[in-house]
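Reader: I should like to learn how to read strand pairing, charge contacts and ring contacts in a structural model. Would you take me through them one at a time?

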Amino acid sequence: MPFRYFYFIALFLFIHPLFSQQITGKGKLTGILVTSGTDEPMPFATISVYTQKDSLVEGSLSDENGKFNIPLSFGSYYALVEFMGYGNYKSDLFVISKDNLTKDLGKISMSVQANTLDEIVVQGEKTVMQLSLDKRIFNVGKDLANAGGSASDILLNLPSIAVDPEGNVRLRGSANVRILIDGKPSGLVSFKGSSGLRQLPANMVERVEVITNPSARYEAEGMAGVINIILKKDNNQGFNGSFELIGGTPTNLGFTTNLNYRKKNINWFVNYGLSRRVNPSEGTLYQEVYSDTLTSILSQTNAGTVYGLNNNIRAGLDYFFNEKSFLTLSYIWRRSDAHRITDIRYEDYKNSLNNYLGYSLRRQDETEQEPNSEVILSYKKSFPQKGHELNTSFTYLDYWENSDQLFTQSSYLPSGSAIKSKDLVQTSLNDEFEKQYLIQLDYTKPFAKEGKIEAGFRTSFRNMENDYIVKEKNADGQFFPLPGLDNIFLYNENILAAYSILGNKSKKWSYQAGLRAEYTDVKTTLLETKEVNPRNYANLFPSAHLTYSISLENAFQLSYSRRVRRPVYNDLSPYVTFSDQRNFFSGNPDLDPEFTDAFELGHIKYYDKGTFFSTFYFRKTVDKIDRLRSVNEDGFSVTRPFNLLGEQSFGLEFTADYRPKPWWKMDFNLNFFHAEIDGSNIQADYTAQTSSFLARHTSRFSPKGGWDIQLRGNYEGKQRTAQGIRKSIYFIDFSVSKRLFKDRGTLIFNVLDILNARRNRYITEGFNFYTVGNFQQVRRQINLTLSYRLKK
């Protein structure tokens with residue numbers, strides 16, 4: 001077995017006994033944090049536990065209800081509670097022993113502190129990973145590998161999530177995942193899908209929530225679950241802020257800042273990010289195409305560079321009518337400008353590599369502009385009864401992308417002599433527009449002691465347009481449109497949804513049952529050819545969660561939800577990418593949605609020095625959307641999405657964190673899964689079974705003197721697809737940081753993909769072709785980042 005397999009499996013098999021050793025001699029510290037005067041729960045505050053000699057032994061965050069529960073070994077301790085903008089709380093010394101297993105600090109009221117310039121140095125730190133049965137929260141600021149990166153890099157470093165070299169996100173092996181920003185759709189993941197997250201600087205992200213089996217509260221989109229990216233926004237009294245400067249190679253220059261100013265009942269906030277990047281890429285493709293008497297062979301090499309400039313600004317205000325009612329208005333503007341140069345060499349052979357026919361050279365020169373903006377207006381009302389809330393929001397999204405491309409191609413004999421008659425000059429002009437309106441209302445009403453009723457509705461209107469034309473230069477020097485590549489594609493989508501959820505708790509059991517109804521009305525139109533494809537459908541999406549708590553540190557949860565994946569714009573648009581003259585990609589306007597029934601059984605166990613979380617999951621999907629490749633007799637391929645009959649998959653996932661020493665913190669994630677894909681409705685042999693795994697290990701060391709060192713290993717195993725194999729991906733990251741300026745600043749050095757081994761490698765086969773690809777879209781990155789925090 002290769003060393004990389006052995007490393008991850010042995011490490012995971014070794015870690016669980018270490019957890020078990022912590023069971024003896026343990027107790028716990030509990031309490032609830034509320035804001036002074038309003039008794040509102042205070043989530044995500046930092047609770048640090050110290051020995052009598054001021055040594056940090058444990059730390060955690062309060063949950064969404066302000067509660068915390070920290071396992072502790074026998075001994076004497078004190079607790080320190082901290083939240084930026086509020087005065088610190090320090091408990092008296094307390095003892096955890098056989099006779100006093102639980103120390104309950106009760107209700108702790110935290111008061112706003114206007115002037116915190118001279119506050120004490122924070123000795124603890126936010127927990128990077130906060131595990132619970134229904135979702136996992138990752139406070140990404142403490143991950144050193146994220147420094148100088150993008151939101152896409154953040155997701156790459158999280159358990160359960162894989163990001164391929166093209167920027168496509170998969171959750172537990174599935175690409176059908178819903179990505180939200182601040183709980184709402186975003187233009188960043190509209191036209192370009194999840195690869196658009198590369199435009200968002202990592203320093204603008206506060207935390208990421210991963211919900212693998214969402215309740216009816218969430219929109220039904222996303223078979224594998226929901227990833228919610230929460231942007232930074234302080235509301236502390238006075239002036240607060242942070243700044244970050246980035247430099248790296250390949251060229252990665254950037255600046256970000258997060259500022260807020262609050263006085264009395266108005267809070268202003270601004271986030272700004274500017275980045276300039278140069279991303280080189282390269283790859284090879286080998287392909288054989290078979291006919292009755294001939295085998296055509298193509299050997300292709302690609303080399304390209306993208307020069308990008310990204311601007312992101314988010315500004316707004318919170319107006320507090322009182323401590324239980326506030327209005328938020330925010331505006332987001334982003335612009336991405338890119339210049340892409342790609343050179344492709346095609347070498348053609350007949351029957352064998354010994355029979356060389358000649359070669360062609362093709363260059364793509366593209367200029368791309370992507371300005372987009374979002375306006376969000378939201379209101380929250382908290383009623384006197386704890387947990388009784390009303391939330392409403394309105395979102396407007398306006399997106400535009402312009403792509404202007406020039407293609408030149410020349411052909412040569414084996415001797416190197418030019419074949420002038422085959423010279424090509426082509427242009428491609430593509431304008432894409434999107435406007436989306438979203439209205440949402442959520443209402444929560446507690447009842448009895450632990451019960452809760454939730455209800456809400458959501459409506460969205462989305463209009464998208466793709467105006468494209470491809471032209472070719474003739475012998476007279478005139479450009480004429482190529483047949484089938486001059487059209488205007490319109491996409492109109494209206495979705496109306498409503499949901500209701502009932503939850504309660506009885507002793508050790510708690511339950512939640514919900515139902516979501518969605519009505520979808522979609523119409524696609526090709527104006528030039530007058531092709532109209534309307535469709536509408538109504539669906540019910542039930543969800544259920546049943547939890548059994550053996551103790552506060554040990555619980556099980558069984559859950560079910562029905563999910564949908566609607567074909568998105570890129571799935572439906574018939575526009576054909578033209579950068580590669582031998583390999584084309586397009587959408588399919590005739591796609592239907594795919595539906596999934598998802599089941600999970602989860603278990604979470606808290607130990608003195610860590611947490612162990614395990615999940616068994618099963619998913620059954622019908623009308624699965626997958627991209628298939630076909631190649632004609634001339635060797636030209638087209639990759640388009642189709643509805644397959646379905647897919648069944650199941651898996652077992654383990655996530656854990658463990659602190660063997662106060663200065664050493666480890667995180668683990670291991671996900672085994674098996675999938676059976678049935679595409680026999682497209683072609684009889686388009687079926688596959690695959691078993692694979694994802695593994696990730698992070699070790700963080702905190703020696704004295706303000707230093708932190710982090711090492712992470714990632715491995716994604718080989719997987720079978722309906723048409724072939726996607727080979728393994730593996731890479732290692734290294735980071736080191738030093739706190740400066742009396743702990744207000746941090747200097748971080750990181751090397752991402754030390755071995756420069758992160759590549760997209762695959763084999764695709766059809767009845768008349770065999771293709772092998774090996775591409776690297778993102779190379780090894782070296783960054784140096786300096787951050788500075790204002791405190792007031």
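Author: The turns below treat each kind of feature in general and then in this structure. The model is predicted, so local features need pLDDT of at least 70 and side-chain atom pairs count only at pLDDT 80 or more, whereas totals for chains, interfaces and linings use all residues. Residues are numbered from 1 along each chain as its sequence is written, and side-chain values use heavy atoms, with hydrogens and water left out.

Reader: How are strands and their pairing to be read, and which strands does strand 19 join by bridges?

Author: Strands of a sheet pair through backbone hydrogen bonds, in either a parallel or an antiparallel sense. Helices (H or I, at least four residues) and strands (E, at least two) are DSSP runs numbered from the N terminus, and two strands pair if DSSP finds at least two bridges between them. Here strand 18 (residues 266–290) and strand 19 (residues 295–322) run antiparallel and are joined by 25 bridges. Strand 19 is also antiparallel to strand 20 (residues 325–350), with 26 bridges joining the two.

Reader: What links these strands in sequence, and which residues are bridge partners?

Author: Strands 18 and 19 form a hairpin with four residues between them, and a hairpin through two residues joins strand 19 to strand 20. Glutamate 288 has isoleucine 297 of strand 19 as its bridge partner. Tyrosine 319 stands opposite leucine 327 in strand 20.

Reader: In what order do the strands of the open sheet lie?

Author: Three strands form that open sheet in the order 4-1-8, with mixed pairing. Strand 4 (67–73) and strand 8 (102–110) are the edge strands, each pairing on one side only. From one strand to the next the twist averages 20°; axes are lines fitted to C-alpha atoms, for helices over the stretch in contact, and angles run from 0 to 180 degrees between N-to-C directions. Strand 1 (residues 26–35) pairs with strand 4 in the antiparallel sense over seven bridges, and isoleucine 32 has lysine 67 in strand 4 as its bridge partner.

Reader: How many salt bridges does the structure hold?

Author: A salt bridge is a side-chain nitrogen of Lys or Arg within 4 Å of a carboxyl oxygen of Asp or Glu. The structure holds 25 salt bridges. One of them joins glutamate 493 to arginine 462, with the closest N and O atoms 3.9 Å apart. Glutamate 493 lies in strand 25 (residues 479–506) and arginine 462 in strand 24 (residues 451–473), so this pair ties together parts 31 residues apart in sequence.

Reader: Are glutamate 493 and arginine 462 buried or exposed?

Author: Buried means under 20% relative accessible area, exposed over 50%, and partly exposed in between (1.4 Å probe, protein chains only). Glutamate 493 counts as buried because its relative accessibility is 6%, and arginine 462 counts as buried at 12%. Lysine 665 and aspartate 667 meet in a salt bridge of 2.9 Å, N to O, and both residues are buried.

Reader: How should ring contacts be read, and which residues form the aromatic cluster?

Author: Rings of Phe, Tyr and Trp (its six-membered ring) pair if their centres lie within 6.5 Å; planes under 30 degrees apart count as stacked, over 60 as edge-to-face and the rest as tilted. The structure holds 22 aromatic pairs, and Phe672, Phe693, Tyr715 and Tyr730 form one aromatic cluster. A charge sits over a ring if NZ of Lys or CZ of Arg is within 6 Å of the ring centre and within 35 degrees of the ring normal. The charged end of lysine 90 sits over the ring of tyrosine 78, 4.5 Å from its centre.
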